[in-house]
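Thanks for coming, everyone. I'll walk you through one protein model, a few residues and a few helices at a time. Please have the viewer open.

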Amino acid sequence: VVIICVISLKSQSCISQNSTQGNHTDYNHGYVLSAAIDKGIFFLLSYTPADQPIRIFSQHFNTEVSLSKDAIQKQTENKWVNYILGVLVQMLDLKSADRSQCLSFNALFGGNLPLGAGLSSSAALEVSSAMAFNELYGLNIPSQDLAKICQKSEHTYVGAMCGLLDQFSSIYGQENALVLSDFRTLQVSTVDMGKKFVFLICDTKASHSLVDSEYNERRVSCEAAASYYCTKVSRSGTPPTHLRDITWDEHEQLRSGLDDRIARRAAHIIGENRRVLAGKDLLTEGKIAEFGQLMYESHESSQHNFENSCPELDVAIQCAKGLGLPGGRLSGGGFGGSVVLLVEQSKALEIKHKMEFAYKEGTGKDCHIFTVVPSQGATIVRRN
C-alpha cells in the first residue's frame, strides 16, 4: 500500500496554488511565489491481480469507478476520475509500458482540501496519484517530469490549458517558506517567511471551474499580446519571446496598438512578474507589511486588468482592507473560489471571526475561513 499526502496551497497572491504573487504568469514563462499548505489529499494505492479491473473510490463523492486496464479512456461520467486516469496514461506512455502487462490496482483518495475553492485540489490529486503510480510501477520518474506529466494530463484529459504552477507548488513546498519558481528555466528556490505571519483562506463558495470559465481565453489573449510585443521590441542579444521579456515601459509605449482588452491582460502579467521579484526582495528583508501591499495590488490588477475576479472575491478583499489586514488577493486562477489573506499568527482566530461577520454583512452569505501555513509538499508517508 502506498499513501501519499499532498499539501497544496494556492493563493496566487501569496499561496499557491496557494500563490501569493504571480497570477497566471506560469504559462507566460514568468515568475511565481507560491506555497504548499497544511491541507491536502491522501491517495491510497494497492496492486491487485492483473486480471482484475481497476477500481478507484472517491471519498469526497462517495463513488467508485471500475474499468478494465486494457480500456483506459477519458470518462464522460464521474469526470473527477479523469485527473487520475490522465496521469496514469501519460506515465505509462512515457515509459512505453504495455498497459495489458501492468498490475491492476485499487485506489482510494480523500482529504481536507476543499474542492473548487481555488486551492489547486486538481493538482493535489494529480500529483498524489502520480507519486503513487511512480512507486507502484517502479517508474523512477523525476519530480519535475512528474509535474509536466500532471500538466499534460490536465490539458488532454480535463481540457484546462494550465501552466505548471499548481504542480510545482504541490511538489516543492517547504515549511514556513514560499516557493519561488521561474517558469522559463524551471528553477525553483525557497524564500523564508518565518512563523509570525500565516494565511487565512476565505472560501466564498463562489462557483470555481477553470474549464467552464474563461481560463483558456486568458491564455490565448496573453499569447496574442506576446506575439505583438515581440515583433515591436528590438534588442541586441536574445530577442523577446514571451510577456516575461517585456518591460512595463515597453508595454506603456506599445499598448495602443492592441485591443484594449488584450492590452489589459498583458498589463496584468507584466505587472505580476514585477510584483513577484519585488515581493521576494521584501520577504528577504523582512518587510512583510510591504509584501502584503503587493498582494492587494495583485488583486486590483486581477479585478480590472485580467478580469478573473468576481463580486464575492472583491467583497472579501474589501473586508480585509476594512479590518486593516496587511495583504490579500484571490487564490489560484480566480473566477471564484477563495481569497488568501496575510495575517499575524497571534491574531488569526480573531480576524477569522471578524471576517466572517464582515463578509456576511457585505453579501448576505456565509463564507468558510480557515488558517493555513506554508508546509512540506507531497510525500510518500508509508510503503508496505
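Let's start in a loop. N62 sits between strands β4 (54-58) and β5 (63-67). Remember as we go that this is a predicted model. Look at the backbone of N62. Its phi is near 55°, a positive value in a residue other than glycine. Is N62 buried or exposed? Its relative accessible area is 60%, and the cut-off for exposed is over 50%, so N62 is exposed.

Now a second loop. H24 lies between β2 (19-21) and β3 (31-48). H24 is not a glycine, yet its phi is positive too, at about 65°. The surroundings are another matter. H24 has a relative accessible area of 2%, and that makes it buried. So keep two loop residues in mind: N62 is exposed, whereas H24 is buried.

One more loop. Q174 is found between α4 (165-172) and β7 (177-182). What does Q174 touch, once we leave aside neighbours within four places in sequence? The answer is T190, P374, S375 and Q376. Q174 has 34% relative accessibility, so it counts as partly exposed. Now find N112. It is 62 residues from Q174 in sequence, and their C-alpha atoms are 19 Å apart in space.

Let's step back to the whole protein. How many helices and strands are there? The protein has 10 helices and 13 strands. Its radius of gyration is 21 Å, close to the 21 Å that the globule rule gives for 384 residues, so the protein is as compact as a globular protein of that length. Along the principal axes, the C-alpha atoms fill a box of roughly 65 × 55 × 35 Å. Of the 384 residues, 58% are buried. Next, contacts. Take those between residues at least 6 apart in sequence. Of these, 72% join residues at least 24 apart.

Now to helix packing. Two packed helices are described by the angle between their axes and the distance between the axes. We have two pairs to look at.

Pair one is α1 (residues 82-94) with α3 (residues 143-158). Their axes are 8 Å apart, and the angle is about 120°. That angle makes α1 oblique to α3. The crossing is right-handed. Who makes the contact? On the α1 side, look for residues including Y83, L85, V89 and M91. On the α3 side, look for residues including L146, I149, C150 and Y157. By class, the contact residues split into 11 nonpolar, 5 polar and 2 charged.

Pair two is α8 (residues 288-306) with α9 (residues 311-322). Here the axes come within 11 Å and cross at roughly 155°. That makes α8 roughly antiparallel to α9. This crossing is left-handed. From α8, the contact uses Y296, H299 and Q303. From α9, it uses L313, D314, I317, A320 and K321. The split here is 4 nonpolar, 2 polar and 2 charged.

Stay on α9 for a moment. E312 lies in this helix. Is E312 buried or exposed? At 18% relative accessibility, E312 counts as buried, because the cut-off for buried is under 20%. Beyond its neighbours within four places in sequence, E312 is in contact with T204, A206, Y359 and K365.

Next, A267 in helix α7 (residues 260-284). A267 is buried, with a relative accessible area of 3%. Which residues does A267 contact, leaving aside neighbours within four places in sequence? They are W248, H251 and N305. Now look for S301. A267 and S301 are 34 residues apart in sequence, and 8.2 Å apart from C-alpha to C-alpha.

Last stop is a strand. F199 lies in β9 (residues 197-206). F199 has a relative accessible area of 0%, so it is buried. Pick out E77 as well. F199 and E77 are 122 residues apart along the chain, and 36 Å separates their C-alpha atoms.

To finish, try this in your viewer. Color the two helix pairs first: α1 with α3, then α8 with α9. After that, go back to the loops and compare exposed N62 with buried H24. That's my tour. Thank you.

Definitions and conventions
Residues numbered from 1 in each chain as written. Predicted model: local features only at pLDDT ≥ 70, side-chain atom pairs only at ≥ 80, totals over all residues. Heavy atoms only, no water. Axes fitted to C-alpha atoms, helices over the stretch in contact; angles between N-to-C directions. Helix = DSSP H or I, 4+ residues; strand = E, 2+ residues; numbered from the N terminus. Parallel < 35°, antiparallel > 145°, perpendicular 65-115°, else oblique. Left-handed = near helix turned anticlockwise from the far one by under 90°. Contact = heavy atoms within 4.5 Å. Nonpolar A, V, L, I, M, F, W, Y, C, P; charged D, E, K, R; others polar. Rg over C-alpha atoms; globule rule 2.2 N^0.38 Å. Buried < 20%, exposed > 50% of the residue type's maximum accessible area, 1.4 Å probe, protein only.
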